[in-house]
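I opened a new page for a structure I had not met before. Come along and read over my shoulder.

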Amino acid sequence: MKIYKFGGTSLGSASRIKKVADIISGALAEEKVIVVVSAIHRVTDLLLESATKACSADSGYSSILDELDRLHLSIASELFSGDRFDEVSAAIRADLSDLHNMVQGIFLLRELSEKSLAVVLGFGERLCARLVSFYLQDRLMAAFFLDARELIVTDANYADARVNMHASELHIKKSLASFEGVPVVTGFIAAAPDGTITTLGRGGSDYTASILGAALGASEILIWTDVDGFFSADPKRVRDAQILPYISYSEAMELSHAGARVLHPLAVQPAMKAGIPLLIKNSFNPESKGTRIESASSPEIRDLRSVTGLTSINNVVLLNMSGSGMVGVPGIASRLFSCLALHRINIIFISQASSEQSITLAINPQQAAKAKKILEAEFIGEIGSRQIEPLVIRRNLAMLAVVGNNMSGHPGVSAQLFETLGKNGINVIAVAQGANEMNISLVIDSHDEDKALNCIHESFFLSQRKVHLFIAGTGTIAKSLIGQISAHRLNLQQEKDLDVVVCGMVNTGKIALDDNGIDLRHWQAALVPRVENPGIEGYLQIIRERNLHNTIFVDCTASSRVAEIYPDLLLANISVVTANKLGMAGPWPLYRNIREAQRKSNARFLYETNVGAGLPIINTLNDLKNSGDKIISIEGVLSGTLSFIFNELRKGGRFSEIVRRAQEAGYTEPDPRDDLSGADFARKFLILGRELGFTLEYSDVVCESLVPVECRGEMSVSEFLYRLSSIDDWYAEAIANAGKEGMTIAYAGEIRDGVASIGVKRLPFASPIAGLNGSENMVVFTTERYRATPLVVRGPGAGAEVTAGGVFADILRVASYLV
């Protein structure tokens with residue numbers, strides 16, 4: 001014999017009741033079945049609303065009751081016809097008439113006790129059980145209505161009654177030890193010893209089914225609902241949540257108590273005591289295997305991973321009682337818990353400091369004010385004498401539970417959990433763990449709940465991890481970066497178990513957003529005009545509101561305004577990868593703020609491309625410093641444009657002609673003076689100087705401009721290029737004179753003894769810089785270890801593809817840290 005319990009959504013319409021009848025009919029072919037039903041979907045809420053309105057003298061209660069009439073009679077009209085409909089509707093109308101009379105009495109008396117409310121709420125299950133039993137009869141099953149008030153005995157706590165198991169077992173065996181047909185039992189309701197109706201709490205129909213199954217020794221208890229079973233997390237909040245084919249009784253209880261709404265928390269106890277498996281099945285997908293709940297000694301359960309599942313309660317209140325007068329005083333905790341129990345205030349979470357100086361409780365928000373009031377009355381003496389501080393309530397919090405039998409004795413679970421939260425900037429306000437080690441419960445800010453669930457789930461359940469990118473800028477570097485991500489994404493998924501998801505792109509006028517990832521093949525079509533949240537500040541607000549785990553902000557602009565928000569991003573624990581030099585080469589106060597924010601944050605800040613595009617210059621310098629080497633000097637060429645010009649000069653070209661060719665080839669900015677000024681070169685050496693620990697501003701860098709004095713001022717590009725020929729002879733002579741001494745010239749930079757200088761320098765032909773080709777860049781590190789033979793980093797240091805590749809590499813470095 002099996003117990004089949006069907007929830008309200010499974011019975012929410014005539015078509016659904018027909019499907020339930022199919023499931024029952026199929027089961028009867030193998031063995032006997034007892035059916036337990038909840039109220040039809042939404043009915044319990046409507047009943048509660050009608051009673052509440054009636055008690056408040058709101059005549060609107062009547063329209064709600066009329067809606068309930070229409071709902072039940074409409075379902076009946078679809079299930080039955082002719083004389084049978086008349087018979088069924090008469091029985092339904094009789095119950096509905098009793099309901100109307102009951103609620104009208106509440107309206108007249110303006111009084112709604114728990115006892116009266118239990119009567120009103122119980123009509124939902126009674127009406128549903130009648131409909132189902134009548135319909136099963138029409139399907140040639142010998143079904144009969146059975147009121148659970150005749151079976152389950154409780155105390156007189158009408159709203160959330162405690163079951164007398166012994167008395168209930170006697171009643172159940174008396175009624176059902178031997179039966180024919182299909183009993184259709186009302187879930188949720190029971191009776192006090194005097195026969196008055198009580199209820200088992202919301203979702204109590206699961207409990208009803210478990211009590212019946214345990215008393216009768218059922219082979220299985222099947223809970224039919226609208227999901228495929230227990231998931232590793234709420235699939236509505238964690239898209240990658242996985243179905244759990246097996247969990248233990250203890251795990252089911254922990255998950256249910258901590259917020260998983262698949263099963264009533266108390267439903268596990270009777271089944272566990274009797275050793276009867278529970279199955280969670282989906283009535284909309286009966287072919288799915290569902291979740292089987294049984295002893296933890298089962299091989300299927302023993303072989304599961306350390307963490308079985310996550311769950312959360314998304315609105316809790318923390319109540320904190322603290323004070324020096326609590327230390328070493330016996331009875332404080334006893335008084336606290338006894339006081340709350342006396343007033344039927346449920347405690348969701350308990351955490352106590354080992355010093356005994358504070359006790360923190362999580363409770364339902366609706367009970368918070370009452371709990372504070374009664375506890376302050378209980379401890380009025382201690383509060384008055386300042387032995388205990390006034391109680392503090394903290395709202396807008398969520399509780400997360402990480403549950404698993406195999407967490408016990410498994411080192412590293414807590415470390416992995418807190419490391420994952422820390423990397424994502426999620427503050428843990430309170431924590432509790434039982435000695436059995438199967439549940440770690442955390443209280444966090446409710447705004448971080450989804451983020452926490454997703455990053456924890458990814459850490460413990462998924463081999464493939466995700467990072468979420470929000471890109472600023474859609475210019476040449478961004479286009480190249482998107483192309484590289486798109487081309488390499490599948491390879492990263494397959495070989496590195498990493499998914500790089502671009503969730504946002506923005507420029508000054510347009511924006512594209514998709515938490516599941518923008519289609520990178522058509523990203524330009526995804527951009528739409530910006531209407532709300534203007535400016536880079538608006539983009540930051542959007543990123544904060546979305547609050548995705550493993551978020552990386554990628555700056556592909558050359559905007560000082562974007563650079564100015566780096567500290568805000570870092571303080572919000574959002575990692576930053578930037579190709580924009582105007583942060584690290586910006587004013588010293590901005591640079592200092594970025595560094596301070598970086599120290600305070602768990603986020604990462606990478607800017608390798610600021611100096612050498614795709615060349616590993618910053619990383620090399622940091623490796624030298626971190627390994628204890630002393631940097632004597634840094635020399636180099638950090639402009640692809642200027643490297644090309646001087647490399648061509650050494651071949652015998654004329655300066656003005658080379659500049660013109662460079663412009664035509666796209667090596668220079670549209671106005672070559674931007675390159676010849678050396679400003680960009682100077683910013684790169686400013687960054688290197690700051691990396692060495694020197695307090696430098698841009699104005700401290702000695703920078704020689706290659707724009708002749710006579711070519712400065714207002715003039716067109718063409719006029720500038722024409723006038724530039726006036727210095728061709730000077731460069732030709734400088735090259736010749738240097739050559740006579742075994743030297744050449746180059747536009748190079750140097751940092752030595754805290755002084756950064758950039759300009760035209762004479763170099764021996766043996767210098768690494770003299771051997772550059774084309775638009776190559778080079779940095780030469782002379783250190784204590786690399787004094788005789790300096791360490792050289794050489795390669796292409798400019799171009800959208802190279803720079804985008806460096807940005808992509810930084811993204812992957814951040815990803816390796818986050819995941």
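Below are my entries, sheets before pocket and single residues.

**Ground rules.** I am working with a predicted model, where local features need pLDDT of at least 70 and side-chain atom pairs count only at pLDDT 80 or more, while totals for chains, interfaces and linings use all residues. Residues are numbered from 1 along each chain as its sequence is written, and side-chain values use heavy atoms, with hydrogens and water left out.

**Entry 1, the eight-stranded sheet.** I looked up the strand order and got E3-E4-E2-E1-E7-E9-E10-E8, an open sheet with mixed pairing. The edges are strand E3 (143-146) and strand E8 (246-248), each paired on one side only. From one strand to the next, the twist averages 20 degrees. My helices and strands are DSSP runs numbered from the N terminus (H or I with at least four residues for a helix, E with at least two for a strand). Two strands pair if DSSP finds at least two bridges between them. Angles run from 0 to 180 degrees between N-to-C directions, with axes as lines fitted to C-alpha atoms, for helices over the stretch in contact.

I then picked one pair: strand E2 (residues 33-37) and strand E4 (residues 182-186) are parallel and share three bridges. Val35 has Val184 of E4 as its bridge partner. Helix H7 (residues 205-216) lies across E1, E2, E4 and strand E7 (220-225), at about 155 degrees to E2. Helix H8 (residues 249-257) packs on the sheet too, touching E8 and strand E10 (291-294), at about 85 degrees to E8.

**Entry 2, Lys2.** Is Lys2 buried or exposed? Lys2 counts as buried because its relative accessibility is 15%, and buried means under 20% relative accessible area, exposed over 50%, partly exposed in between (1.4 Å probe, protein chains only). Lys2 sits in strand E1 (residues 2-6). Beyond neighbours within four places in sequence, its contacts (heavy atoms within 4.5 Å) include Val33, Ile34, Ser219 and Glu220.

**Entry 3, the six-stranded sheet.** Here I noted an open sheet with antiparallel pairing, in the order E12-E13-E11-E14-E16-E15. Strand E12 (347-352) and strand E15 (430-433) are its edges. Nine bridges link strand E11 (residues 309-322) with the antiparallel strand E14 (residues 392-403), and Asn320 stands opposite Val392 in E14. Helix H11 (residues 332-342) packs on the sheet, touching E11, E12 and strand E13 (358-363).

**Entry 4, a pocket.** The second largest pocket holds about 1,100 Å³ of space. A pocket is an open set of points on a 1 Å grid over the protein atoms alone, where a 1.4 Å probe fits, with protein on both sides within 12 Å along at least five of seven lines; lining residues have an atom within 4 Å of a point. Its lining has 37 residues, with Lys581, Glu669, Asp680, Ala798 and Gly799 nearest the centre. Which helix gives the largest share of the lining? H27 does, with five residues.

**Entry 5, Ser559.** Ser559 belongs to the loop between strand E21 (551-555) and helix H19 (560-563). Ser559 is partly exposed because its relative accessible area is 25%. Leaving aside neighbours within four places in sequence, Ser559 touches Asn580 and Leu582. Ser559 and Asn580 are 21 residues apart in sequence, and their C-alpha atoms are 7.2 Å apart.

Notes. Points joined across faces, edges and corners; volume = space filled by probe spheres on them.
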